[in-house]
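Take a walk through this structure, one stop at a time. Keep the sequence beside you and find each residue as it comes up.

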Amino acid sequence: MALTGKLSTESAIQSPASKFFDLLAKKLHHVQNVCERVHAGKLHEGDDWHSVGGSVKHWTYVIDGKVITSKETIESIDGQNKIVVFKLFDGDIDQRYKTFKIIFQVIENNNGSGSAKWTVEYEKVNDDVEAPYGYMEYFDKCRKEMDAHLLQA
């Protein structure tokens, strides 16, 4: 069995692509107020939530009905292509995965509609660890909540 893998999910959004992207690229601290499964997020190191490689956030969230804790840092932000790459580590992540990267992208269509795509790239600590399928459901639920929030704003 392979220890490395990649999972992706992509779903349509109704809110403007730029607003959806900005929520995760420039207003990440608001996610805990928008998404039910995100219990807490706090700046652990650094002065800016959106500093590439210069800040570490501590998150508490729910995956598969279980409360998970991890730390996160932003590896890159590509505003033109609307892509943010996050690295998760520490806490529950390190118990199951050697590496865990989330690539978030907003894809804008010509007709003004768009979609949100999440990709998880991971390396398991051993063959007994399941692929992080629960994150796909988590991202879909968060997408719905973020989209609804942005449509009301």
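Begin with a cysteine. Cys-35 is buried, with a relative accessible area of 2%. This is a predicted model, and the values below are computed from it. Where is the nearest cysteine sulfur to that of Cys-35? It belongs to Cys-142, 3.7 Å away. Cys-142 counts as buried too, at 4% relative accessibility. Are the two sulfurs close enough for a bond or too far? They are too far, because a disulfide needs the two sulfur atoms within 2.5 Å, and these stand 3.7 Å apart. Cys-35 is therefore in no disulfide. A search of the whole structure gives the matching result: zero disulfides.

Now turn to a pair of helices. Two packed helices are described by the angle between their axes and the distance between the axes. Helix α1 covers residues 17–25, and helix α4 covers residues 133–152. Their axes come within 10 Å and cross at roughly 115°. The crossing of α1 past α4 is right-handed. Which residues make the contact? From α1 come Lys-19, Phe-20, Leu-23 and Leu-24. From α4 come Arg-143, Met-146, Asp-147 and Leu-150. Sorted by class, this contact has five nonpolar residues, three charged residues and no polar ones.

Leu-24 of α1 leads to the next stop, since Leu-24 is also among the contacts of His-50. His-50 sits in the loop between β2 (38–45) and β3 (56–63). Is this loop residue buried or exposed? His-50 is buried, because its relative accessible area is 15% and the cut-off for buried is under 20%. Its side chain reaches the backbone nitrogen of Leu-28 at 2.9 Å. Leaving aside neighbours within four places in sequence, His-50 touches a run of residues: Leu-24, Ala-25, Lys-26, Lys-27, Leu-28 and His-29. Ser-55, Ile-74 and Ile-77 complete the list.

Follow the chain onward into strand β3, where His-58 lies. This histidine is partly exposed, with a relative accessible area of 23%. Its contacts beyond four places in sequence fall on two stretches of the chain. One holds Ala-40, Gly-41, Lys-42 and His-44. The other holds Thr-69, Ser-70 and Lys-71. Pro-16 is a different matter: its C-alpha atom is 28 Å from that of His-58, and the two are 42 residues apart along the chain.

Next comes strand β5, residues 83–89. Look at two neighbours there, Lys-87 and Leu-88. Leu-88 is buried, with a relative accessible area of 8%. Lys-87 counts as partly exposed, at 37%. What does each one touch, leaving aside neighbours within four places in sequence? Lys-87 is in contact with Lys-71, Glu-72, Thr-73, Glu-75 and Phe-100. Leu-88 is in contact with Tyr-61, Ser-70, Lys-71, Glu-72, Ile-93, Phe-100 and Ile-102. Lys-71, Glu-72 and Phe-100 appear in both lists. Distances along the chain and in space can be set side by side here. Lys-87 and Glu-75 are twelve residues apart in sequence, with their C-alpha atoms separated by 6.5 Å. For Leu-88 and Ile-102 the separation is 14 residues in sequence and 7.6 Å between C-alpha atoms.

Two backbone details lie on either side of this strand. Most residues other than glycine have a negative phi. Lys-82 is not a glycine, yet its phi is positive, about 55°. Lys-82 lies in the loop between β4 (66–78) and β5. Lys-82 is buried, with a relative accessible area of 15%. Asp-90 also has a positive phi, near 70°. Asp-90 is placed in the loop between β5 and α3. At 30% relative accessibility, Asp-90 counts as partly exposed.

The last stop is helix α3, residues 91–96, which holds Gln-95. Is Gln-95 buried or exposed? Gln-95 counts as exposed, because its relative accessibility is 58% and exposed means over 50%. Lys-124 is 29 residues from Gln-95 in sequence. In space, their C-alpha atoms are 9.1 Å apart.

Methods: Residues are numbered from 1 along each chain as its sequence is written. This is a predicted model: local features need pLDDT of at least 70, side-chain atom pairs count only at pLDDT 80 or more; totals for chains, interfaces and linings use all residues. Side-chain values use heavy atoms; hydrogens and water are left out. Helices (H or I, at least four residues) and strands (E, at least two) are DSSP runs, numbered from the N terminus. Buried means under 20% relative accessible area, exposed over 50%, partly exposed in between (1.4 Å probe, protein chains only). Contact means heavy atoms within 4.5 Å. Axes are lines fitted to C-alpha atoms, for helices over the stretch in contact, and angles run from 0 to 180 degrees between N-to-C directions. A crossing is left-handed if the near helix is turned anticlockwise from the far one by less than a right angle, and right-handed if clockwise. Ala, Val, Leu, Ile, Met, Phe, Trp, Tyr, Cys and Pro count as nonpolar, Asp, Glu, Lys and Arg as charged, and the others, Gly among them, as polar. A polar contact is a pair of N or O atoms within 3.5 Å; within protein, one must be able to donate a hydrogen and the other to accept it, and residues adjacent in sequence count only if both atoms are side-chain atoms.
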